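Colleague: I would like to learn how to read a model like this one. Where should I begin?

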Amino acid sequence: MTSAIGKVFILLLVVLGTFLLIGSTITDLTGGEKDVSAVGKVDISPEGGEEIFWGKGRCYTCHSVGDRGSAVRCPNLGVFGQKFALAIGARASERAKLRSEKTGEEYTSTDYLVESLAKPDAFVVEGFKNEMAIVFAPPISLNVDEIKAVVAYLQSQDGEFDIDSLENPSEVSAAYFQRIEAATAAGGGDPSAGEVVYEDNCTYCHMLNGEGEEVGPDLTGMGTKGLSFLEDAIINPAKVITKGYETRVVVENDGRQTKGLLMRDDPDEIDIVKDTGDVVTIAKSDIKEITIDETSSVMPGDINEALTVKDFQDLLSYLMLQKQVEEGS
Ligand code: HEC
Ligand code: HEC
């Protein structure tokens, strides 16, 4: 009996050993796992950026650099014909100079390069459409160090690699790096697209930076509350109801019920805002009782079901950016 178990045990060890051996051989053959230790360590240099530009960053699918690459539909980032007489390192200085002249504010060539990746719609190259990929959002999802490496590579195209401008960024670049970090922290997402999602779904109930409606709480500075708070607040609004925004149920003498937020409470009448945004005025003399329903929020619980996964991700990254408090407060 014991020896039978022993044999089975030895057989198992042999089988297991064989699997491990085959597994590691396959891993070696495919070159897998070798890079695992290098993940997260990005080489912020022209060489590190070059690897990303022609690899993970997928820049080469739209851009060529001089006569390297085969993409033709987007601006060539090297010297190419009359339109691109300067490679992007030098071209960025020209574009930055024009911007400074126009706005009167200091703006460096690095600021331009960082902006072209962090917020491509801020400046659209003449003759092209606003079709630049959001390279820090899925599916490309470069992190902030990878973006810095790519900028180093772009700087080096007829310009100067300036590590200081990446390690000690100007105010303009720093704000863009923050934008990318916030998006990455939110699981990837495009804050510009998120702003549109926000405007379509949230402004008619919330104020943000002085704009919107006052049904729900002001969302200015919401990013400081963190990602999981925001996720919860949208996926399951009733879980934690913000103080002062409890849902009231008003029962009138004739049995009619109205559910919503108490927006106005005057001596002879009250206003209730329903989750549809409709305002109902009720005379106090008609009211039988007012109770608080702790299980439901006026904020609809199914908003995120109406959003695509991408919309939701974009929305979160936009909200995570809302860290500044309104001036004067
Ligand atoms: C889906 C296509 C696409 C991908 C992918 C893409 N871009 Fe672009 N890029 C564009 C388009 C279109 C423009 C021109 C419109 C604009 O200025 O936003 C542009 C503009 C630029 C500019 C400004 C060029 C100038 O003349 O001022 C830079 C710099 C740039 N891209 C760098 C990159 C880098 C680096 C990557 C990879 C990390 C990348 N792009 C990925 C389409 C793309
Ligand atoms: C019909 C009105 C309505 C709509 C639409 C709405 N909300 Fe709300 N929201 C509320 C109300 C009321 C509260 C307070 C009650 C609660 O906590 O559930 C609230 C609470 C919140 C909170 C918590 C705020 C805090 O300080 O605790 C966040 C975050 C939030 N909403 C985000 C959003 C986002 C993002 C959208 C759009 C996708 C949205 N809301 C759409 C009404 C709305």
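Modeller: Begin with burial. A residue counts as buried if 20 or more other C-beta atoms lie within 10 Å of its own. This is a predicted model, and buried residues make up 31% of its 329 residues.

Colleague: How many helices and strands are in the protein?

Modeller: The protein has eleven helices and seven strands.

Colleague: How do I read the pairing of strands?

Modeller: Two strands pair if at least two bridges are found between them. Take strand β3 (residues 247-252): six bridges link it to strand β7 (residues 287-293) in the antiparallel sense. Strand β4 (residues 257-265) also runs antiparallel to β3, joined to it by four bridges.

Colleague: Which residues are the bridge partners of Arg 248 in β7 and in β4?

Modeller: In β7 the partner is Ile 292; in β4 it is Gly 260. The hairpin of β3 and β4 has four residues between the strands, and Gly 255 in this hairpin takes a positive phi near 95 degrees.

Colleague: Now the ligand. Which residues are the closest to ligand 2?

Modeller: A shell is read by its members, their chemistry and their origin. Here 24 residues surround ligand 2, and the closest are Cys 202, Cys 205, Gly 216, Ser 297 and Met 299. By chemistry, the shell holds 17 nonpolar residues, six polar and one charged.

Colleague: Which helix gives the most to the shell around ligand 2?

Modeller: Helix α9 (residues 227-235) does, with three residues. By domain, at least three residues of the shell come from each of domain 2 (192-237 + 302-320) and domain 3 (247-293).

Technical notes:
Residues are numbered from 1 along each chain as its sequence is written. Chains are lettered from A and ligands numbered from 1 in the order in which they are written. This is a predicted model: local features need pLDDT of at least 70, side-chain atom pairs count only at pLDDT 80 or more; totals for chains, interfaces and linings use all residues. A residue is near a molecule or strand if its C-beta atom, placed from the backbone, lies within 6 Å of it. Helices (H or I, at least four residues) and strands (E, at least two) are DSSP runs, numbered from the N terminus. Ala, Val, Leu, Ile, Met, Phe, Trp, Tyr, Cys and Pro count as nonpolar, Asp, Glu, Lys and Arg as charged, and the others, Gly among them, as polar. Domain bounds come from an automatic or database domain assignment. A residue is buried if 20 or more other C-beta atoms lie within 10 Å of its own, exposed if 12 or fewer, and partly exposed in between; C-beta atoms are placed from the backbone.
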